[in-house]
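Thanks for coming, everyone. Please have the viewer open and follow along as I go.

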Amino acid sequence: MPYKFTFDLSRIPQLFFTELTKISYDKGIHRRMGIKLRDVIKKFRIQEATGLNLSDAIQLLEDLIDMEARNLLEMERFGKASKKALFLPHCSRKYMDSRCKAEFNSDVPTYLCAKCSPDCLINKATSLAKNAGYDVYILPGGSCISKILKLKRYDGIVGVACGEELRVAEKILENMNIAGQAVPLLKNGCSNTFFNIETLQRILEKNGG
Ligand code: SF4
């Protein structure tokens with residue numbers, strides 16, 4: 001279930017996320033640290049930068065911390081996985097209309113990037129992942145995850161999505177005993193969504209497929 005609000009964290013300094021994760025993960029209290037979290041949100045002027053109200057900002061940041069923590073916990077198991085895939089959200093394509101030359105394969109289901117635009121985030125992510133030995137899927141929605149994983153067996157999945165979708169994916173991977181690593185969307189919505197390609201690159205290169 002996607003968020004009921006839209007957000008854009010792409011202008012928030014990376015240091016903010018690092019500090020946030022460190023504070024809460026060290027203490028294991030991020031779900032109970034309301035006041036501290038409010039202080040950090042204030043310090044980094046998150047509400048001004050994103051336009052989010054405080055409770056949405058807290059929810060979003062708690063999800064980001066959860067995701068970071070799960071990445072850490074899963075890192076070792078993921079590193080040992082031998083067959084890996086990357087799941088990308090189709091809404092990060094440069095174009096969402098006929099200018100995107102990707103074909104959709106409904107049997108899998110996935111878009112197949114035709115590399116029409118060198119500056120397309122999905123094109124860049126696909127190249128990085130394929131070079132690192134990953135299979136790549138560009139998903140029209142989270143419901144495709146189970147279908148793909150029933151068609152082809154993987155023991156490690158990197159997923160790019162918003163926090164809520166990552167939570168759903170986490171349950172699926174848990175049930176299928178597949179190790180996961182997550183890259184959060186920093187800007188959500190139906191199109192022009194954005195994630196940090198360097199964050200993805202770090203995960204892919206550290207854990208070649
Ligand atoms: S580079 Fe690929 S995903 Fe991006 S717009 Fe072109 S075909 Fe679509």
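I will go from the overall layout to the ligand, then to the strands, and then to some single residues.

Before anything else: this is a predicted model. Keep that in mind throughout.

Let's start with the layout. The chain is divided into two parts, domain 1 (8-73) and domain 2 (81-209). How far apart are the centres of domain 1 and domain 2? Taken over C-alpha atoms, the separation is 24 Å. The two domains do touch: domain 1 gives 9 residues to the contact, and domain 2 gives 9 residues. Look at the side of domain 1 that touches domain 2. By class, there are 4 nonpolar, 2 polar and 3 charged residues on that side.

Now the ligand. There are 14 residues around the ligand. Which of them come nearest? Cys100, Cys113, Cys116, Cys120 and Asn123 do. Sort the shell by class and you get 8 nonpolar, 2 polar and 4 charged residues.

On to the strands. Find strand 5, residues 156-161. Is strand 5 mostly covered or mostly open? Mostly covered: 6 of its 6 residues are buried. Here is a general point to hold on to. In a regular strand, side chains alternate between the two faces of the sheet. Now apply that idea to strand 5. On one side sit Gly156, Val158 and Val160, and on the other sit Ile157, Gly159 and Ala161. All of these are buried, so both faces of strand 5 are covered.

Who are the neighbours of strand 5? Take strand 1 (residues 84-89), which runs parallel to strand 5 and is joined to it by 4 bridges. To see the pairing, pick leucine 86: it stands opposite valine 158 in strand 5. Then take strand 6 (residues 179-187). Strand 5 and strand 6 also run parallel, and 6 bridges join them. Two pairs are handy for finding your way. Glycine 159 has alanine 182 of strand 6 as its bridge partner. Alanine 161 stands opposite proline 184 in strand 6.

How does the chain get from strand 5 to strand 6? Follow helix 7 (residues 163-175): strand 5, helix 7 and strand 6 make a right-handed β-α-β unit. After helix 7, stop in the loop that leads to strand 6, where asparagine 177 lies. Asparagine 177 has a positive phi, near 60°, and is a residue other than glycine. Why does asparagine 177 count as exposed? Because it has 8 other C-beta atoms within 10 Å, and a residue with 12 or fewer is exposed.

Strand 6 itself is mostly covered, with 7 of its 9 residues buried. Strand 6 also pairs with strand 7 (residues 194-195), this time in the antiparallel sense, over 2 bridges. Lysine 187 has phenylalanine 194 of strand 7 as its bridge partner. The hairpin of strand 6 and strand 7 has 6 residues between the strands, and there glycine 189 takes a positive phi near 130°.

Next, one residue in strand 4 (residues 135-139): valine 136. Buried or exposed? Valine 136 counts as buried, because it has 21 C-beta neighbours inside 10 Å, and the cut-off is 20 or more. What does valine 136 touch, leaving aside neighbours within four places in sequence? Its contacts are Ala85, Leu86, Leu88, Thr126, Ala129 and Lys130. One of these, Leu86, is the residue we met opposite valine 158.

Last, three stops in the loops. Arginine 99 sits in the loop between strand 1 and strand 2 (103-105). With 10 C-beta neighbours inside 10 Å, arginine 99 counts as exposed.

Proline 109 lies in the loop between strand 2 and strand 3 (110-112). Check the peptide bond from valine 108 to proline 109: it is cis, with omega near -5°.

Then lysine 115, in the loop between strand 3 and helix 5 (121-131). Lysine 115 is not a glycine, yet its phi is positive, about 60°. How does lysine 115 score for exposure? Partly exposed, because 13 C-beta neighbours lie inside 10 Å.

That is the tour. Questions, please.

Note on methods: Residues are numbered from 1 along each chain as its sequence is written. This is a predicted model: local features need pLDDT of at least 70, side-chain atom pairs count only at pLDDT 80 or more; totals for chains, interfaces and linings use all residues. Domain bounds come from an automatic or database domain assignment. Two residues are in contact if their C-beta atoms, placed from the backbone, lie within 7 Å. Ala, Val, Leu, Ile, Met, Phe, Trp, Tyr, Cys and Pro count as nonpolar, Asp, Glu, Lys and Arg as charged, and the others, Gly among them, as polar. A residue is near a molecule or strand if its C-beta atom, placed from the backbone, lies within 6 Å of it. Two strands pair if DSSP finds at least two bridges between them. A crossover is right-handed if, with the strands pointing away from the viewer, the path from the first strand over the helix to the second runs clockwise.
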